[in-house]
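Hello,

Here is the structure I promised to pass on to you. Have a look at it first, and then read on for what turned up in it.

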Amino acid sequence: MDGRPMDGRPTGGQPASGQATGGRPVDGAPAVELRGVRRVYGRGAGAVHALGGIDLALPAGSFTAVMGPSGSGKSTFLQCAAGLDRPDAGQVLLAGSPISSLGEDALTKLRRNRIGFVFQAFNLLPSLTVLQNVLLPQRLAGRRPDKARAHELLARVGLGEHAARRPAQLSGGQQQRVALARALITRPDVIFADEPTGALDTRSAHEVLGLLRNAVDGLGATVVLVTHDPVAASFADRAVFLAGGLLAGELHRPDPRTVSEHMLTLSAQPAGTRA
């Protein structure tokens, strides 16, 4: 760990000076990079400019929180960065390789092998055991299931004794921990977590966020967390803010107070003045 308390709250928030790190040196290409990414829905006067030209690099081995008011472009950012949607202009690069121009089959293979997902809905298959759910990405990719790694990951998330259970036998927090282990099983370049604590109580939410933090510090994972929660953002190395489809600032080592203040400032600004 990087010395912050176990609840993830750092001692203070400061404007970021550049790249964020997860407590280790960052070298090589960013895990994810967006270059001039634009996404527009609709045409003419009714067109919605969800992303208005995003330039952002997410270093390997870092934990980034993406925040912003409702309608700021957070969901579109995640969808484009994760290869779930195609930008209308610009490029998305994964570990230095452009992915925006890939065909659907290649994109599907890339998401299956090199990207992990953790959503608010746990998306576990009820008919499978916990262990089988964790191994599912490898089975879908046609790989030999790595049961030893699956058991190791379940132990890391505190569910080593629950491998034979079904999801319905677990609490919501435990199910989300299974989803995290499943996201890590393929050793992905990056994990995208979309409001992963939205359906959890406070204690379970802190446990899941702590595990995401440990995935960065202990396993070298890269995590991109889309959230509206200032406390969740405090687990990250930096918080990046969107407003009106544009970058609207960032904080290095964010804490709940400074994140809340920045969010209030953004919410108080007319949409046309946000930058």
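Just after α1 comes G83, which has a positive phi, near 75 degrees. Please keep in mind that this is a predicted model. The helix before that glycine, α1, spans residues 74-81 and is mostly covered, with six of its eight residues buried. Those buried residues are K74, T76, F77, L78, C80 and A81.

What does α1 lie across? The helix lies across β2, β3 and β5, and runs at about 120 degrees to β2. These strands belong to an open sheet of four, in the order β3-β2-β5-β6, with antiparallel pairing. At the edges stand β3 (48-58) and β6 (97-98); each has a single partner strand, so one side of each has no neighbour in the sheet. If you want to trace one of the pairings, try β2 (residues 32-41) and β3, which run antiparallel and are joined by eight bridges. In this pair, V32 stands opposite L58 of β3.

Stepping back to the whole chain, you will find eight helices and 11 strands. Of its 275 residues, 51% count as buried. Among contacts with a separation of 6 or more, 71% are between residues 24 or more positions apart.

Now to the interior. The largest nonpolar core has 50 residues, and F63, L154 and F241 have the most contacts inside it. Helix α6 (residues 202-219) gives this core its largest share, seven residues. Another core lies apart from it, with 26 residues, including I54, V190, F192 and L242.

F63 is a good residue to click on. Leaving aside neighbours within four places in sequence, F63 is in contact with L209, L212, R213 and V216, and also with V223, L225, F235, A236, D237 and R238.

One last residue to look at is R182, which is found in helix α5 (residues 172-184). How far away is the nearest side chain of opposite charge? That side chain is D194, 12 Å from R182, and R182 is buried yet has no salt bridge. What does R182 touch, once its neighbours within four places in sequence are left aside? The contacts of R182 are F122, N123, L124, N133, V134 and P137.

Enjoy exploring, and write back with any questions.

Best wishes

Conventions:
Residues are numbered from 1 along each chain as its sequence is written. This is a predicted model: local features need pLDDT of at least 70, side-chain atom pairs count only at pLDDT 80 or more; totals for chains, interfaces and linings use all residues. Side-chain values use heavy atoms; hydrogens and water are left out. A nonpolar core is a set of buried Ala, Val, Leu, Ile, Met, Phe, Trp, Tyr and Cys residues joined through side-chain atoms within 4.5 Å. Buried means under 20% relative accessible area, exposed over 50%, partly exposed in between (1.4 Å probe, protein chains only). Helices (H or I, at least four residues) and strands (E, at least two) are DSSP runs, numbered from the N terminus. Contact means heavy atoms within 4.5 Å. Lys and Arg count as positive and Asp and Glu as negative; His and the chain ends are not counted. A salt bridge is a side-chain nitrogen of Lys or Arg within 4 Å of a carboxyl oxygen of Asp or Glu. Two strands pair if DSSP finds at least two bridges between them. Axes are lines fitted to C-alpha atoms, for helices over the stretch in contact, and angles run from 0 to 180 degrees between N-to-C directions.
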